[in-house]
Amino acid sequence: MNRVFRLRCVAIRGIREIRDSFSGGVAVVLAGAIVPATVATVAMAAAPPPDQARVEFFEKQVRPLLAERCEKCHGAKAGKSKGDLTLDTRAGWEKGGEHGPAIVPGNPEQSFLLKAVLYTDDDVQMPPKKEGGKLKDEEIAVLRKWIAEGAFDPRSGGPRRLTGMSPEARAHWAFQPLRKTAPPAVQDAAWAKNDIDAFVLARLEKEGMHPNPQAAREVLIRRVTYDLLGLPPTVEEVKAFVGDGSTNAYEKVVDRLLASPHYGERWGRHWLDTARYSDTSGRGGDGGKRFADYRYEYAWTYRDYVIRAFNDDKPWDRFLKEQLAADLMPDIEPQDPRLAALGFLTVGKRFDNPDDLIDERIDTTGKSMLGLTVACARCHDHKFDPIPTADYYSWYGIFANITEPAEPPEIPAGVDPEQRGIYERQLAALEARNRATFYAFYQKRNPEFLRHAAGYLMVAAQKPRSPERQAVAKEYHLFPEDVEMMRGVRLAADHPVFGPFARLSKIPTNEFAAKAPDVLAQALHDRKAPVNPLVAEALAGLKPRTLEDVALAYGRMTLNHTTNAAALVQLRSKGGAKTNLDSAAVTELVQTPFYVPTVPEIATVEKQLAFLNGQPGRKPWFGAPQFEPRTTDTFSFAQINQLRLTHPGAPGRAMVVADKPKPAESYVRIRGDRNKHGPAVPRRFLEVLSGPDRKVFRVGSGRLDLAEAITDPRNPLVARAAVNRIWMHHFGRGLVPTPDDLGNMSEPPSHPELLDHLAASFVDNGWSVKRLHKQILLSAAYQQNSDNNPSYEAKDPDNRWVWRANLRRLDFESIRDSLIWLTGKMDESVGGKPANITDEPYSYRRSVYGYIDRLHVSDLMSQFDFSDPEMANSHRITTIVPQQALFFMNSPMTVDAARHLMNRSEVDDATDDDGRVTALYRILYQRNPQPKELSWARDYIDRVHQLLYGSERPKGPRRSAVIYKKAQVAKDKYAAVQNSGMTVQRGALDAWESYAQALLCSNEFVYVY
């Protein structure tokens, strides 16, 4: 048997023999493989999508697609049911048509509907070509996903219309004003430590239940430290708390943790989930904009703003306002670091369709700040909540009237001057390389055109991809066509050089000789479209019988100016005061077909991108060429982005937005179709929260007015949403279990009076998040132990009534950060550019500073249920999959942590085996081992040492040599940012290191209880 494999088998057996680590005699087993038996409510597999998620997917993506592309021919309401199939109700597709049911829920490949839209069968192709033809790939993907996930469809065939525009929907609890009720009277008043406990205990007593006893101090400090910092407490901190006999010992712990800079890192990450933070646009290649990199070089400034805001306990209302309208607030300066708050709007996903970008921002704002799915009203009135389509387009008008400046403002970042100088020199070199690419293109292309102008003009005059065009190209030795060149030869009637030829090319061949003289004369004397004097001179008096006669005249004229074309490029590339030739006519002619920019026009990367992406109102022939990949790949935009994203001397810039100079109202778009305008709607807040006579936003885009309306203390949703999320992160479940949707599809609060009491107190206390934390953490409800009670679990399996603490698995960040913390290498600096936290060479920065690729979230992050940055997502699911256990068993990161554990002074200074085991337990689990655990540990060490070395083990650890190798540089331009440093040693672990890894593999390491 392979030696390494045998070692792993022993390790697994050893782990399974380390029992009774939890109170109550619960087995500790492989992390992520088996759940502790005390709590049956921990998920054993990925939870099915909640109803609201399925409703939202159907309403936003499936229903509009069926309505737009299918129901015209297959809609009972439209009176059409071709093939006896209707698709505008669930009953319609279940019944099916001539081919039977249209959909087999859960099985796309067996569904007739998918077969039809894939066009794989010549006899069944839907929609037909006369109705727009085959669906786009992304539309087919929507249908496939919908069917695969069970084809959830809330539509019915009855006369009742599903709508949120009803008195019942308006009466929903979440839309009612906050009511701060007095804490109820309870029987066991001695148990309650504050108002929270009175509400919790009153519900328990009503159900004939009692809360659990208080958790042991070792358990409590582990729980609260992970909750507030995302890190384990140190051995010294545990010892100090356990030994502190003062009445406020626990309160002092809470105060210390809230004052730690690591608090902002932990709780900032929670908000970044809600704000769908990512370092990339979610698009491949150029991110949907020519030449722009798919990475956001400055997203990290928003992340740092969020961390600072939590550490500073920025009032929640101010925090939200700044993220929508920091640039419009009166006390913010042009380079104020708070401008980075606007990254809330700009770090989201990008789309080809600008309407989708606006929808994404509406969706994120509604969910994150209000806990409402406002974006569900894009195509129709909201089906569940009282949000009409008109309200959606009121918000649309706000977000449609903002732009993103090409050069975002620099904000203070404390960059080292020497590093800044190095960065500036490297940036200047890359910008110069880009300019050289521009001028090399023009130096070659314009003279080439002038030498062969007749042929290029004749080819351009033929229909694209026609046999005639190929024949002409071959005749002039221009076949195969040069796509890059031909894109520049635009035959436009108002082109100063091509105009006359463009007009003549429209004359039918059999009429050319008769009509050409008059058309030519009109072209040469058109004052609205003046012709270049050299062209006019070459064509004056010409009596062409064919279009080729004209092309040849052009060719004779342009051939004399090829050297002038090269001379102009030389002049402009040098950037001197003189950038034109002596003759204006020659200067204009030799910039055919490509305009040659001056150095000031393309001096910086921002100006280069602005030139390449086109300037409004400028004639296309005075813009940038439409480059082919062979040219675009020679530009250095990706390298510039990488430099800005990673160089220590690169400044930070805020990803800001700005209002358009002349904001315009938006129209309601019928069924979400941009081409079908309904009535114009003013920019304003939601009617259900502000009344029918609500204020119209007339200043700028209306962002500041929207921010004021959202954070108005009379708006009950913003405080409820914030309080519910904070409660959720402390208890593992919100008072309302859907933190991003408090609307009619949500469950009612488990403790409605408590939710309103906390929300009202939150507002009264100046929107202080830290004060709310302390109120929750000092409650007896939070301090309960997690022991199970079978009779209570039968009555309340989800622990909605808070009769115990919930057993919770650490999230990805806490697991990774704990491993880094244990090595003693953690970089505790706050803020800065992103690092690669999942690939070697490993970064020792906290996980909140990790680089996140929206399109390709790393496998490791996904395996541990990292938040999907595609959308606002405040609640992470918890799954248990084999990959999690395999990570702890095989990952170099875990191996590295195990090695460093054994090198820690507490372990290394121990005088015997029991002392070493005790030190490891205190470091990892914040407790002492039980006597039988010490016995199991000694037995484990003996057996593994015998396996490894075939001899009796000496006293103390036997160290193996550790050799680190320098990491190879990744060459994939779409790879995550790469750290510099060394890889982890791959050598076999010794017996003690193997034991340390076995302890890391236990559930006790990755759960708080």
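**Figure 1. Helix H17, checked from end to end.** With 35 residues at 1.5 Å each, helix H17 (residues 417–451) should span 51 Å, and its end C-alpha atoms do lie 51 Å apart, so the two figures agree. Keep in mind that this is a predicted model. At the N-terminal end of H17, look for Asp 416, which acts as a cap. One of its side-chain oxygens sits 3.2 Å from the backbone nitrogen of Glu 418.

**Figure 2. Arg 435, a buried charge with no salt bridge.** Arg 435 is another spot to visit in helix H17. Is Arg 435 buried or exposed? Arg 435 is buried, yet it has no salt bridge. Glu 431 is the nearest side chain of opposite charge, and it is 4.9 Å away. That misses the cut-off, because a salt bridge needs the nitrogen and the carboxyl oxygen within 4 Å. Setting aside residues up to four places away in sequence, Arg 435 touches Val 599, Ile 602, Ala 603 and Gln 608.

**Figure 3. The whole protein chain, for orientation.** Zooming out for a moment, the protein chain has 44 helices and 10 strands. Its C-alpha atoms fill a box of roughly 110 × 75 × 65 Å along the principal axes. Of the 1009 residues, 56% are buried. Take the contacts between residues at least 6 apart in sequence: 69% of them join residues at least 24 apart. The mean pLDDT is 89, and 91% of the residues reach 70 or more. Go carefully with residues 1–49, though, where pLDDT stays under 50. For that stretch the model has 112 contacts beyond four places in sequence.

**Figure 4. Glu 484 and Arg 630, a salt bridge across the sequence.** Side chains of opposite charge can pair when their charged atoms come close. Here the side chains of Glu 484 and Arg 630 meet in a salt bridge, 3.6 Å from N to O. The two partners come from distant parts of the chain, 146 residues apart: Glu 484 belongs to helix H20 (residues 483–488) and Arg 630 to helix H28 (residues 629–632). Which of the two is buried, and which is exposed? Glu 484 has 1% relative accessibility, so it counts as buried. Arg 630 has 51%, so it counts as exposed.

**Figure 5. More salt bridges, from pairs to a network.** The chain's salt bridges come to 75. One pair is Arg 816 with Asp 817, whose closest N and O atoms are 3.4 Å apart. Both Arg 816 and Asp 817 are buried. In another pair, the side chains of Glu 906 and Arg 904 meet at 2.8 Å, N to O. Glu 906 is partly exposed because its relative accessible area is 26%. Salt bridges can also join up: Glu 56, Lys 60, Asp 356, Asp 359, Asp 363, Lys 367 and Arg 378 are linked in a network.

**Figure 6. Lys 774 and its surroundings in helix H34.** Lys 774 has its place in helix H34 (residues 769–777). How accessible is Lys 774? Its relative accessibility is 22%, so it counts as partly exposed. Leaving out neighbours within four places in sequence, its contacts are Glu 251, Val 254, Asp 255 and Leu 258. Don't look for Arg 465 in this close-up: Lys 774 and Arg 465 are 72 Å apart, C-alpha to C-alpha, and 309 residues apart in sequence.

Key:
Residues are numbered from 1 along each chain as its sequence is written. This is a predicted model: local features need pLDDT of at least 70, side-chain atom pairs count only at pLDDT 80 or more; totals for chains, interfaces and linings use all residues. Side-chain values use heavy atoms; hydrogens and water are left out. pLDDT is the predictor's confidence in each residue, from 0 to 100. Contact means heavy atoms within 4.5 Å. Helices (H or I, at least four residues) and strands (E, at least two) are DSSP runs, numbered from the N terminus. The expected span of a helix is 1.5 Å times one less than its number of residues. A polar contact is a pair of N or O atoms within 3.5 Å; within protein, one must be able to donate a hydrogen and the other to accept it, and residues adjacent in sequence count only if both atoms are side-chain atoms. Buried means under 20% relative accessible area, exposed over 50%, partly exposed in between (1.4 Å probe, protein chains only). Lys and Arg count as positive and Asp and Glu as negative; His and the chain ends are not counted.
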